[in-house]
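Student: Hi! Could you walk me through this structure? I'd like to start with the empty spaces in it.

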Amino acid sequence: MGVITVLRPDKPDAEQAVAASSPAGRAPLQDGAALVLIDNGKSHAKIVLLMLADELRTRLPQIEHVEVFSKTSAAVTITDEEARRLAERATLVVTGLGDCGACSSCSVLDAITLEKLGVPATAVITEPFAVLVEQFAITLGMPGYHNVTLPHPVATRPDDEVRELVAGLADDVVHQLTGSVVSPEPAAVA
Amino acid sequence: MSEALELDESDVQETYFERGWTDGLPIVPPTPARVEALLAAAALAPEAVLGTVVQRNRSVSAQEAAINAVMAGCRPDYFPIVVAGVRALTDPAYNANGALTSTGGTAICTIVSGPLATEIGMNSGHNVLGQGNRANATIGRALRLVAMNVLGAKPGFLDGASIGNPGKYALCFAESDPIAPWGPLRTELGYALTDTTVTILATEGPRQIANLLTGDPEWVLRGFASSLRAGHTYIAGKGGQAVVLMGPEHAGAVRDAGWSRDRVRDYLVAQTRITEADLHAAGVPVESTGAHTMVVEPDGRYSTFRRPEDILLVCAGGAGAGWSAVMPAWAPTNNSRSVTQRVEAPA
């Protein structure tokens, strides 16, 4: 057998972790801030996002308004027009709940879209989908983009347990959205 | 333009496996000459863009589609059908990003309706969903390879399927010639009888429907309805679509009783409306904290299909016994819809 020429069937450029887009800048939050929650309609999504909003307001008293935007499908992304309108009125954005393949990817894509429009944003997903959304962040030109993860599943847990899990995410969300660290633990003494 | 690789011919298969470019089966090496033959058959320039999936920041060029179709084993005269399939796959209504990422693990269920299917030797008869026909197998496989290699839908990358189904390798078939007075799917969708169309729907795997003991049209159709309305069917009570493939015995029994296609679809819509108790009997709670899936209607029922046209009714399969199949959509219609494209065959 000899050497033959064959063609690549894939798109190698699309799979490289090249940062083609930058996330929004992080700055100290000012009074009158608006938190927009992009609810994908999945079971418990709105509940989780509102629980998280309660936690964020205790840590970020500058948040004066909380708005919920509900999508028509968890498996689609927000439109360009929806993104533009949300970016006009949002200081911070949290999307979710990504507890399946299509919905976690779309929640992260929505968050990245808002980042590209200058609004700090993160997505609440469940653990099995962390690797998947990392790949989507690469595809969208924002490798290393952060999200927060809850244990899976969420929809079958009692509300009290969900609230406790959500409370455990809040400091990380504050850090991701504002760059600041909440209630740092004192350094351990050896 | 796609990158060319110089490989020892004996290394091609292993290289393509190692780089994750196959579906787990060997491929036909995509040499430039083979790829050009496919492009010529569809009269397309290599750089022509067949479609884009904006959520993935990826478009599909004619050359990329042809490379993957060669790998799948397509003959050049199959390529116009593959092109129509890729155009359908990238139509926003199909929502390729959602359908290819979902834990639901969707097949690209592909129905080819029209004279070109017969011309290239597609199977619409015995074993229509099974093995053995090159055109059915390789056209379906080509669409999957495009989804994997060009749109990134690979396990561990942008395909999040939990279980998947064997239809993810290929699920492509031809519709039988219409059984008078019923017309084919393409004319029902507004195309000419002389057209050839490709219709795709993101579906679960096929379910065979057995009913060998009755010729009563209502009894026959209740067999289909019992599968589509089952609580473990994700679209049950949520407003989805499905491919309903009627084998010759079942289609004949219903048609011979004087039922039109419209009456069949209306009956299936009615018979698949379910109650909360039906779901509970199947161990499925009604979703109460989500925003848009379960919508109870005034009589307390939930519709599996909200419109008769959400049932894609096709005739196919071999004569001899009472077998048919259904392929329910992976998700309700607010997530994804079937898309039809006319095949553009060069003169």
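Tutor: Happy to! A pocket here is an open set of grid points with protein on both sides within 12 Å along at least five of seven lines, and its lining residues have an atom within 4 Å of a point. Keep in mind that this is a predicted model.

Student: Okay, so how many residues line the largest pocket, and which lie nearest its centre?

Tutor: There are 39 lining residues, and the ones nearest the centre are K42(A), C100(A), Y234(B), K238(B) and E287(B). The space in this pocket comes to about 1,100 Å³.

Student: What classes of residue are in that lining?

Tutor: The lining of the largest pocket has 19 polar, 15 nonpolar and five charged residues.

Student: And what about the second largest pocket, what is its volume?

Tutor: About 560 Å³. Its lining is made of 28 residues, with T77(A), I78(A), D80(A), V54(B) and Q55(B) nearest the centre. By class, they divide into 12 nonpolar, 12 polar and four charged.

Student: Which element gives the largest share of that lining?

Tutor: Helix 3 of chain A, with four residues. Helix 2 (80–89) of chain A, and strand 2 (49–53) and helix 5 (96–101) of chain B, also each supply at least two residues.

Student: Let's switch to sheets. In what order do the four strands of the open sheet in chain B come?

Tutor: The order is 7-10-8-9, and the pairing is mixed. Strand 7 (207–210) and strand 9 (311–315) of chain B each have a single partner strand, so one side of each has no neighbour in the sheet. On average, neighbouring strands of this sheet are turned by 20° against each other, direction ignored.

Student: Which way do strand 7 and strand 10 of chain B run, parallel or antiparallel?

Tutor: Antiparallel, with four bridges joining them. One pair to find on screen is Q208(B) and its bridge partner A325(B) in strand 10 of chain B.

Student: Which strands does helix 10 of chain B lie across?

Tutor: Helix 10 (residues 248–256) of chain B lies across strands 7, 8, 9 and 10 of chain B, and runs at about 90° to strand 8 of chain B. Helix 11 (residues 261–271) of chain B lies across strand 8 and strand 9 of chain B, at about 130° to strand 9 of chain B.

Student: Now strand 4 of chain B. How many of its residues are buried?

Tutor: Seven of the seven residues of strand 4 (residues 107–113) of chain B are buried, so this strand is largely enclosed by the rest of the structure. A107(B), C109(B), I111(B) and S113(B) point one way, while I108(B), T110(B) and V112(B) point the other way. In a regular strand, side chains alternate between the two faces of the sheet.

Student: What does strand 4 of chain B pair with?

Tutor: Seven bridges join strand 4 of chain B to strand 6 (residues 197–203) of chain B, and the two run antiparallel. There, C109(B) stands opposite L201(B). Strand 4 of chain B also pairs with strand 5 (residues 172–174) of chain B, in the parallel sense over three bridges. In that pairing T110(B) stands opposite C172(B).

Student: I clicked on T138(B). Is that buried or exposed?

Tutor: T138(B) counts as buried because its relative accessibility is 8%, and the cut-off for buried is under 20%. T138(B) is in helix 7 (residues 134–150) of chain B.

Student: What does T138(B) touch, leaving aside its neighbours within four places in sequence?

Tutor: A72(B), G73(B), C74(B) and Y78(B). Y78(B) is 60 residues away from T138(B) in sequence, but their C-alpha atoms are 8.7 Å apart in space.

Student: Last topic: where are the cis peptide bonds at L97(A) and P153(A)?

Tutor: One runs from G96(A) to L97(A), with omega near 10°, and L97(A) lies in strand 4 (residues 92–98) of chain A. Another joins H152(A) and P153(A), with omega about 0°. P153(A) is in the loop between strand 6 (148–150) and helix 5 (159–167) of chain A.

Notes
Residues are numbered from 1 along each chain as its sequence is written. Chains are lettered from A and ligands numbered from 1 in the order in which they are written. This is a predicted model: local features need pLDDT of at least 70, side-chain atom pairs count only at pLDDT 80 or more; totals for chains, interfaces and linings use all residues. Side-chain values use heavy atoms; hydrogens and water are left out. On a 1 Å grid over the protein atoms alone, a cavity is a set of points where a 1.4 Å probe fits but cannot get out, and a pocket is an open set with protein on both sides within 12 Å along at least five of seven lines; lining residues have an atom within 4 Å of a point. Grid points are joined across faces, edges and corners, and a volume is the space filled by probe spheres set on the points. Ala, Val, Leu, Ile, Met, Phe, Trp, Tyr, Cys and Pro count as nonpolar, Asp, Glu, Lys and Arg as charged, and the others, Gly among them, as polar. Two strands pair if DSSP finds at least two bridges between them. Axes are lines fitted to C-alpha atoms, for helices over the stretch in contact, and angles run from 0 to 180 degrees between N-to-C directions. Contact means heavy atoms within 4.5 Å. Buried means under 20% relative accessible area, exposed over 50%, partly exposed in between (1.4 Å probe, protein chains only).
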